[in-house]
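Here are a few exercises to help you find your way around a new structure. Try each task yourself before reading the solution.

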Amino acid sequence: MDKMELKGKWNEWKGKLKQQYAELSDDDLQYEEGKDDEFWGRVQQKTGKAKDDLIKWLRDLG
């Protein structure tokens, strides 16, 4: 996923992720520049989904 794509839609996607996966906290969804792997690891661990599946789901949201 392109960093600009992630940044541009992050607030919308963050809300959708929290609706879909209530176990995700604001701390889990804290995106920091240069820490992409840590971010995706936290989200994968909480959701049980693969990174590629999460990216596809987010892109399908629009």
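**Exercise 1: the overall layout**

Among contacts in the protein chain between residues at least 6 apart in sequence, what percentage join residues at least 24 apart? Then work out the chain's secondary structure and how much of the chain is buried.

*Solution.* Keep in mind that you're looking at a predicted model. The share of those contacts joining residues at least 24 apart is 42%. Next, go through the secondary structure: the protein chain has three helices and zero strands. Read from the N terminus, the order is α-α-α. Now for the inside and outside. Of the 62 residues in the protein chain, 26% are buried. The chain exposes about 4200 Å², and 42% of that comes from carbon and sulfur atoms.

**Exercise 2: the core**

Find the largest nonpolar core and say which elements give two or more residues to it.

*Solution.* Start with the core's members: there are 13 residues, and the ones with the most contacts inside it are Trp10, Leu17, Leu29, Phe39 and Trp40. Then look at where core residues come from: helix 1 (3–20), helix 2 (36–47) and helix 3 (51–61) each give two or more. As background, nonpolar side chains in soluble globular proteins tend to be buried together.

**Exercise 3: aromatic rings**

Decide how the rings of Trp10 and Phe39 are arranged, and find the cluster they belong to.

*Solution.* A search of the whole structure turns up three aromatic pairs. Take Trp10 and Phe39: their ring centres are 5.2 Å apart and their planes meet at 80°, so this pair is edge-to-face. The pair links distant parts of the chain, with Trp10 in helix 1 and Phe39 in helix 2, 29 residues apart. Check burial next: Trp10 has 10% relative accessibility and so counts as buried, while Phe39 is buried at 1%. Phe39 also pairs edge-to-face with Trp40, at 5.0 Å centre to centre and 70° between the planes. Put it together and Trp10, Phe39 and Trp40 form one aromatic cluster.

**Exercise 4: two sides of a helix**

Sort Leu54, Ile55 and Leu58 and Asp52, Lys56 and Asp60 by whether they are buried or exposed.

*Solution.* In helix 3, Leu54, Ile55 and Leu58 are buried. They cover an arc of only 100° around the axis, so they sit on the same side of helix 3. On the other side of helix 3, Asp52, Lys56 and Asp60 are exposed. A handy rule here: an α-helix has 3.6 residues a turn, so residues three or four places apart point the same way.

**Exercise 5: two residues up close**

Describe the surroundings of Thr47 and Lys18.

*Solution.* Begin with Thr47, which is found in helix 2. Its relative accessible area is 14%, and buried means under 20%, so Thr47 counts as buried. A polar atom of the Thr47 side chain lies 2.8 Å from the backbone oxygen of Val43. The Thr47 side chain also reaches the backbone nitrogen of Lys49 at 3.2 Å. Leaving aside residues up to four places away in sequence, Thr47 touches Tyr21, Glu23, Leu24 and Leu54.

Now move to Lys18, found in helix 1. With 32% relative accessibility, Lys18 is partly exposed. Not counting residues up to four places away in sequence, Lys18 touches Leu24, Asp26 and Leu29. For Lys18 and Leu29, 11 residues apart along the chain, the C-alpha atoms are separated by 8.7 Å.

Methods
Residues are numbered from 1 along each chain as its sequence is written. Side-chain values use heavy atoms; hydrogens and water are left out. Helices (H or I, at least four residues) and strands (E, at least two) are DSSP runs, numbered from the N terminus. Buried means under 20% relative accessible area, exposed over 50%, partly exposed in between (1.4 Å probe, protein chains only). Contact means heavy atoms within 4.5 Å. Accessible areas come from the Shrake-Rupley method with a 1.4 Å probe; for residues, only the protein chains shown count as cover. A nonpolar core is a set of buried Ala, Val, Leu, Ile, Met, Phe, Trp, Tyr and Cys residues joined through side-chain atoms within 4.5 Å. A polar contact is a pair of N or O atoms within 3.5 Å; within protein, one must be able to donate a hydrogen and the other to accept it, and residues adjacent in sequence count only if both atoms are side-chain atoms. Rings of Phe, Tyr and Trp (its six-membered ring) pair if their centres lie within 6.5 Å; planes under 30 degrees apart count as stacked, over 60 as edge-to-face and the rest as tilted. The arc is that of the directions from the helix axis to the C-beta atoms.
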